[in-house]
Amino acid sequence: MGGGKVSDEELDFQVRIEMGETSMSRNDDLEELSKMTKTSITPFVLAFRNLSYSLNTSKEMSLPSSIFCRKDTGKVDKSSKEKILLNDISGEAREGEILAILGPSGSGKSTLIDALANRISNESLKGCVTMNGESLESGVLKLISAYVMQDDLLFPMLTVEETLMFSAEFRLPRSLSKSVKMARVQAVIDELGLRNAANTLIGDEGHRGISGGERRRVSIGVDIIHDPIVLFLDEPTSGLDSSCAFMVVKVLQRIARSGRIVIMSVHQPSSRLVCLFDKLIFLSQGETVYYGSPTHLPLFLSDFGHPIPEHEDGAEFMLDLYRGFEDIPGGTKRIVEFNKLRQEVIENQQLELAYSNGLGVSIKQAIVSRGKLVGIGQTSTIFKFANPFWVEIIVLVKRSLTNSKRMPKVFMLQIGGVVFVGCILASVYWQQLDNTEGGIQERIGFFAFLLTTIFFGCTDVLAVFLQERYIFMRETAYNSYRRSSYVLYHSILAIPSLFIFSILLASLTFLPVGLNGGFSSFLFYFLTIFASFWAANSLVSLVSGLVSQVMLGYIVIMPTIGAFLHLSGFFVHRDRIPSYWIWFHYISAVKYPYQAILLNEFDNPNMCLVEGVAPNKSCLVTGLDIIRKQDATDLGKWSCLWITLAMGVLYRILFFISLSFGRSRNKRK
């Protein structure tokens with residue numbers, strides 16, 4: 001598992017790759033698929049002109065126009081105080097070729113990938129990105145492209161085939177039969193050389209699974225399942241040994257040759273990898289120091305006055321050369337200007353030739369004629385998502401259950417925690433709560449502790465979502481499913497487990513503690529516990545959408561729950577809360593279930609808790625007296641229950657908003 005060792009299957013695959021013997025499987029379903037993926041006569045060329053990007057871009061530099069094809073393509077003023085990440089970058093990537101972006105750390109490789117993939121906000125990026133000379137709409141680019149992140153973001157307890165099949169169900173339209181989708185999955189498995197690992201779990205630190213090289217190829221497979229035209233990859237060889245890295249790039253070469261544009265960043269490629277690239281862009285501090293074919297690099301360096309020494313790798317020599325220039329202020333200016341002069345004539349000729357075949361044919365028409373598995377119908381209408389939201393929810397639920405059922409210990413530990421708390425409470429209060437003043441106070445304290453346990457116990461939701469955050473970001477960035485579908489699935493999946501926790505906790509505590517009211521009171525007690533679990537789970541989900549780290553989430557949620565509890569009415573009665581804090585009392589998620597349980601227990605005019613002495617035995621303390629003493633008279637118990645449930649819904653809506661506009665949007669500012 002990991003990238004250090006190469007398995008027998010990978011060695012066999014490497015041999016077959018180098019001999020050119022790997023191929024897509026053929027069957028009856030693939031015949032239908034092949035009709036949809038046939039190569040177009042018109043080649044696709046992705047061109048980018050004068051891309052410039054800096055942090056904290058001033059208003060004078062930002063434009064409200066579309067992210068692709070802006071009117072102002074001027075250069076960034078290098079005398080400004082902003083940190084320049086890209087400065088006047090131009091080039092093109094052609095169908096059937098790999099464009100590799102090289103450079104040391106901080107040179108702008110990932111930033112350029114993000115710029116081309118529409119992952120930088122409209123106001124910050126300047127320049128123009130076109131396909132066959134036509135401006136690309138953001139929606140079209142999402143449909144025809146895929147972005148493979150540097151980290152392998154996969155569910156550990158799914159097999160390779162299941163992982164790709166779920167991706168197919170998200171990205172391929174519902175009109176395709178399941179057999180066609182499975183045929184596409186099998187074709188991708190063969191294309192990536194994953195046949196021997198098809199039924200192996202992905203694995204993680206605690207579960208043995210596939211190797212690092214196979215994991216990287218699965219990550220690529222997830223993003224090419226819908227047969228995109230453009231494939232962006234951020235350092236796909238990072239963390240892999242030389243053999244695994246070669247296999248991954250060799251697979252990418254075959255993917256490009258099958259009729260796709262592949263654009264990738266590489267940190268320190270070996271000479272074997274450089275031979276697989278069709279074009280190179282060397283970046284230095286956000287500027288281009290070389291753009292062209294690897295075969296032309298020796299001539300470029302020779303003309304520049306720094307020929308490559310004999311028996312030395314050209315790419316490594318180039319990197320070492322301008323790294324030395326970077327240590328000198330303005331040291332790279334000469335090689336940057338030399339590269340620009342060299343490109344002026346060659347680049348224009350290449351673009352003119354590239355666009356000549358595409359004139360008169362719109363991008364949408366070209367995509368339709370190509371027959372790619374993307375959401376563009378025969379009338380060139382764009383379908384933002386491949387499936388309706390209810391299909392997305394079903395697939396999300398099915399995937400989560402498939403992954404979770406292979407880790408039953410997690411759910412059993414949660415059940416065990418609820419049972420343990422319930423048994424502890426039952427044993428502590430077993431036949432101990434009488435109707436004395438002390439017994440009544442202990443009963444009220446039991447209610448407060450019960451709700452405290454519920455709210456703090458739901459903080460485990462933080463880790464669950466934050467572990468999936470980057471999978472969610474990757475999948476929603478290119479419209480695998482809607483954010484609203486994810487929130488609904490997240491809510492639907494939580495309800496059954498919360499129901500089980502609630503019935504267990506209510507059953508273990510109601511009778512042993514000696515609560516009053518019979519079955520109807522027990523039913524309301526259970527509903528209040530369920531509403532508390534629901535509100536707590538939703539509140540923690542909201543926090544998980546606002547933060548990016550588990551520890552930061554705990555720092556936010558723990559004081560919040562503590563404040564809700566403190567101002568719920570148990571520690572400080574409502575009439576004693578300062579006027580400038582009373583608003584927090586009414587937004588406290590603990591106030592309403594606490595008050596609902598109090599009313600359920602004591603809101604009975606016939607309840608006598610303390611009787612007087614003989615002979616009259618008049619009632620000295622009634623249930624209503626306790627309600628008034630606790631200042632819980634502003635709302636009825638059913639109103640408190642509905643408000644608690646409604647607060648859970650409100651937190652879910654805010655959770656959706658945080659995913660739509662917060663840190664979970666996979667886009668730079």
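Let's start with E316, which counts as partly exposed because its relative accessibility is 34%. Keep in mind throughout that this is a predicted model. E316 sits in helix α11, which covers residues 314–326. What lies across from E316 if we follow the C-alpha atoms? One answer is Q268: the two C-alpha atoms are separated by 7.8 Å, although the residues are 48 apart along the chain.

Now for a residue in another helix. T528 belongs to α19, residues 518–546. Is T528 buried or exposed? At 2% relative accessibility it falls under the 20% cut-off, so T528 counts as buried. Leaving aside residues up to four places away in sequence, T528 touches P593, A596, I597 and L641.

Let's move on to charges. How many salt bridges does the structure hold? There are 20 of them, and I'd like to walk you through a few.

Take R216 and D152 to begin with. They form a salt bridge in which the closest N and O atoms are 2.8 Å apart. R216 is in helix α7, residues 212–224, while D152 is in the loop between β6 (145–148) and α5, so this pair ties together parts that are 64 residues apart in sequence. The two partners fall into separate accessibility classes: R216 counts as buried at 6% relative accessibility, whereas D152, at 22%, counts as partly exposed.

Next come D227 and R184, another salt bridge, this time with the closest N and O atoms 4.0 Å apart. D227 lies in the loop between α7 and β7 (230–234), and R184 lies in helix α6, residues 178–191, so parts that are 43 residues apart in sequence are tied together by this pair. Here D227 counts as buried, with 2% relative accessibility, and R184 counts as buried too, with 3%.

Further along the chain, the side chains of D631 and R574 meet in a salt bridge, at 3.2 Å from N to O. Both ends are in loops: D631 in the one between α23 (623–629) and α24 (637–661), R574 in the one between α20 (550–566) and α21 (582–587), so the pair ties together parts 57 residues apart in sequence. D631 is buried, and R574 is as well.

Before we leave the charges, which residues are joined into one network by salt bridges that share partners? They are R184, E191, D227 and R260. You have already met R184 and D227 as a pair.

Last topic: two helices packing against each other. Helix α5, residues 160–171, and helix α14, residues 389–405, have axes that come within 10 Å and cross at roughly 170°. That angle is over 145 degrees, which means α5 is roughly antiparallel to α14. The crossing is left-handed.

If you have the structure open, here is who meets whom. From α5, the residues are E162, F166, E169 and F170, and from α14 they are E392, V395, L396, K398, R399 and T402. Sorted by class, this contact has four nonpolar, one polar and five charged residues.

To wrap up, I'd suggest remembering the buried pair D631 and R574, the shared-partner network of R184, E191, D227 and R260, and the roughly antiparallel helices α5 and α14. Thanks, everyone, and I'm happy to go back to any of these.

Notes. Residues numbered from 1 in each chain as written. Predicted model: local features only at pLDDT ≥ 70, side-chain atom pairs only at ≥ 80, totals over all residues. Heavy atoms only, no water. Axes fitted to C-alpha atoms, helices over the stretch in contact; angles between N-to-C directions. Helix = DSSP H or I, 4+ residues; strand = E, 2+ residues; numbered from the N terminus. Parallel < 35°, antiparallel > 145°, perpendicular 65-115°, else oblique. Left-handed = near helix turned anticlockwise from the far one by under 90°. Contact = heavy atoms within 4.5 Å. Nonpolar A, V, L, I, M, F, W, Y, C, P; charged D, E, K, R; others polar. Buried < 20%, exposed > 50% of the residue type's maximum accessible area, 1.4 Å probe, protein only.
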